[in-house]
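This report follows selected strands, helices and one loop residue. The sequence and the structure are shown first.

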Amino acid sequence: MRATGYEPLNTLKPVARDIWLIDGPATRFYGLPFPTRATVIRLAGGGLWVHSPTMLTESLRAELGELGPVRHLVAPNWIHYIHVAAWQTAYPYACSWCAPRVVERASEHGISLRFDGELGRDAQAGWAGEIDQILVEGSPVHREVVFFHRMTRTLILTDLIENFEPRNVPLLLRPLLRLGGVLDPHGSTPRDMRATFRHGRNRLREAVGTMIAREPERVILAHGRWYDRDAVSELRRAFRWVLD
């Protein structure tokens, strides 16, 4: 397994009370190695909510079992669904939720997935009052649901901000990532994704305004270095291209 710079992989890493990260192995997208990251939240009832599931190993299953039963699996956008089926097999009584276009995207790649419901603007009953959600619209291609864990004031994004650390990527890739606007410390929305919001910038701007209004303390990203402090400042910087 190729190193990602976020080792150890496939193990729970505490972030704050009742919230953990799982750094997973890299996956390839457009030929580029993308480090992956899941987020696990223990809900008030003891069940676990898993955002963007990464590779599931036996040792990770054992760790999760010590926290509580897995109750919710979340595919937060049209790209982050690869490992959902394996988690569904391991946790057949968990409910699975997806952002718009996930089922269609998976089907286009020959993958048949089942979900219990599609995510929208309002939080599902299973986590309402604990985790808020923001449906980010404005792009005909990219639909992403952003989450805010109230107790820890943690905002959870997937691909709206990517922040690859130079030390963790091959030297030859760094200029490409810098050009794409996703190289740390200037991580932002990938430039190709920005173009898909050309006619929906106002809707994206509204969603970003909602994220900032929550005044998060930290922002967890799926790819690259996440922000464990100065969350609002990082959001304003990363989304300057749409806020200005």
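Which side chain is joined to that of H142 by a polar contact of 2.8 Å? The side chain of W78 is the partner in this contact, and the surroundings of H142 make a convenient starting point for reading the model, which is predicted.

## The surroundings of H142

H142 is found in the loop that lies between strand β8, residues 131-136, and strand β9, residues 144-149. Its relative accessible area is 2%, and because buried means under 20% relative accessible area, H142 is classed as buried.

Besides the 2.8 Å polar contact with the side chain of W78, the side chain of H142 has a polar contact of 2.9 Å with the side chain of E144. When residues up to four places away in sequence are not counted, H142 touches N77, W78, V136, D159, L160, M193 and F197.

## The open sheet β8-β9-β10-β11

The two strands that flank the loop of H142 are β8 and β9, and both belong to an open sheet of four strands, ordered β8-β9-β10-β11, in which the pairing is mixed. The edges are occupied by β8 and by β11, residues 218-220, and since each of these has a single partner strand, one side of each is left without a neighbour in the sheet. On average, and with direction ignored, neighbouring strands of this sheet are turned by 20 degrees against each other.

Within this sheet, β10, residues 154-156, pairs with β11 in the parallel sense over three bridges, and L155 has V219 in β11 as its bridge partner. Helix α6, residues 201-213, lies across β8, β9 and β10, and runs at about 160 degrees to β8.

## Parallel pairing of β5, β6 and β7

Elsewhere in the chain, strand β5, residues 70-75, pairs in the parallel sense with strand β6, residues 95-98, over four bridges, and V74 has W97 in β6 as its bridge partner. Between these two strands the chain passes through helix α2, residues 84-90, in a β-α-β crossover that is right-handed.

Strand β6 is also joined by two bridges to strand β7, residues 117-118, and these strands run parallel. W97 appears again in this pairing, with G117 in β7 as its bridge partner. The path from β6 to β7 leads through helix α3, residues 102-108, and this β-α-β crossover is likewise right-handed. W97 can thus be followed from its bridge with V74 to its bridge with G117.

Note on methods. Residues are numbered from 1 along each chain as its sequence is written. This is a predicted model: local features need pLDDT of at least 70, side-chain atom pairs count only at pLDDT 80 or more; totals for chains, interfaces and linings use all residues. Side-chain values use heavy atoms; hydrogens and water are left out. Two strands pair if DSSP finds at least two bridges between them. A crossover is right-handed if, with the strands pointing away from the viewer, the path from the first strand over the helix to the second runs clockwise. Buried means under 20% relative accessible area, exposed over 50%, partly exposed in between (1.4 Å probe, protein chains only). A polar contact is a pair of N or O atoms within 3.5 Å; within protein, one must be able to donate a hydrogen and the other to accept it, and residues adjacent in sequence count only if both atoms are side-chain atoms. Contact means heavy atoms within 4.5 Å. Axes are lines fitted to C-alpha atoms, for helices over the stretch in contact, and angles run from 0 to 180 degrees between N-to-C directions.
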